[in-house]
Amino acid sequence: MSNTESAPPRKAVILARGLGSRMRKEAEGVNLDENQSAAASAGVKAMISMGGERPFLDYVISALADAGFTDICLVIGPEHDMIRDYYNEVDKERVSISFAVQEEPLGTANAVLSAEDFAGDDRVLILNSDNYYPAEALRLLSDVPGSALVGFERSAMLERSNIPADRIAAFALATADADGNLKELVEKPDEATIERLGDSAVLSMNCWLCSPAIFPAARSIPMSARGEYEITDAVRAAIDAGDPYRVVRADVGVLDMSNRGDIASVMESLGDSEVRL
């Protein structure tokens, strides 16, 4: 095993390039302040204020730092000056923040390729910018060799996230083989598949620890039916090429910021959480 595979991972890539189409849509009964409305209308979910000066992404990065991930790369679009300007200016004590530009919104696997120079020969944690992953879950990766998926227990997601049960039912399900490695990953499972996979299946919230093998895998895949290059397809390609992914089970909930109706519940859940970048 190489030092790269055995040393605790320290690099994280946050995918912040999405168009935020759902967040842009007005929602009946949802009242936002001026700053929140501006970020939501721009589709920049990560920069929505949590009721003060701190945007949502600050909480995501602070949790990463709590878990030992201190070298952060934000994948952004060329138009995302709001993100770049903020993180160039904000005080940082625990993390360093750099940027990678995804020129076109061609999907998550294409976004990952934008951060290849940042990753170098190291393993990198890849995660969404509109999800808050508790440090408790991220710390589980510190002793994992090689690549991994953090899989979240369904019961914890139902009890300790802000995500309605009907949305949770549509999330990807993952199972592990006898060695604890990813065996099956089913996106948007139907009821028959949910029943077949059973209670041992965990939910994938796109929280991946990837070796450098993810990059040739991401270049090898075709576009999906949605017209994007998907990280799930890249992970499958990496596994097929000989890079297994350990399934790490996390008994915690994840907060989601997909649309304007999520903002109030995320603010309530984060409450007075301390943020230190």
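This is a short tour of a predicted model, with stops in its nonpolar cores and at two residues with positive phi.

**Stop 1: the largest nonpolar core.** Start by selecting Ile61, Leu74, Tyr87, Leu125 and Phe152. Within the largest nonpolar core, which has 62 residues, these five touch the most other members. Now colour helix H4, residues 56–66: with 8 residues, helix H4 gives the most to this core. As background, nonpolar side chains in soluble globular proteins tend to be buried together.

**Stop 2: around Leu125.** Keep Leu125 selected and show what surrounds it. Which residues is Leu125 in contact with, leaving aside its neighbours within four places in sequence? You should find Lys11, Ala12 and Val13, then Leu64 and Phe69, then Leu138 and Leu141, and finally Cys207, Trp208 and Leu209.

**Stop 3: another core.** Next, select Val75, Ala100, Ala109 and Val112. They are among the 32 residues of another core, which lies apart from the largest one.

**Stop 4: Lys188.** Move on to the loop between strand E8 (182–186) and helix H11 (191–197), where you will find Lys188. Most residues other than glycine have a negative phi. Lys188, however, has a positive phi, near 50°. Is Lys188 buried or exposed? Its relative accessible area is 68%, so Lys188 counts as exposed, the cut-off being over 50%.

**Stop 5: Asn206.** Finish in strand E9, residues 202–210, by selecting Asn206. Here too phi is positive in a residue other than glycine, with a value near 55°. With a relative accessible area of 21%, Asn206 is partly exposed, because buried would require under 20%.

Methods: Residues are numbered from 1 along each chain as its sequence is written. This is a predicted model: local features need pLDDT of at least 70, side-chain atom pairs count only at pLDDT 80 or more; totals for chains, interfaces and linings use all residues. Side-chain values use heavy atoms; hydrogens and water are left out. A nonpolar core is a set of buried Ala, Val, Leu, Ile, Met, Phe, Trp, Tyr and Cys residues joined through side-chain atoms within 4.5 Å. Buried means under 20% relative accessible area, exposed over 50%, partly exposed in between (1.4 Å probe, protein chains only). Helices (H or I, at least four residues) and strands (E, at least two) are DSSP runs, numbered from the N terminus. Contact means heavy atoms within 4.5 Å.
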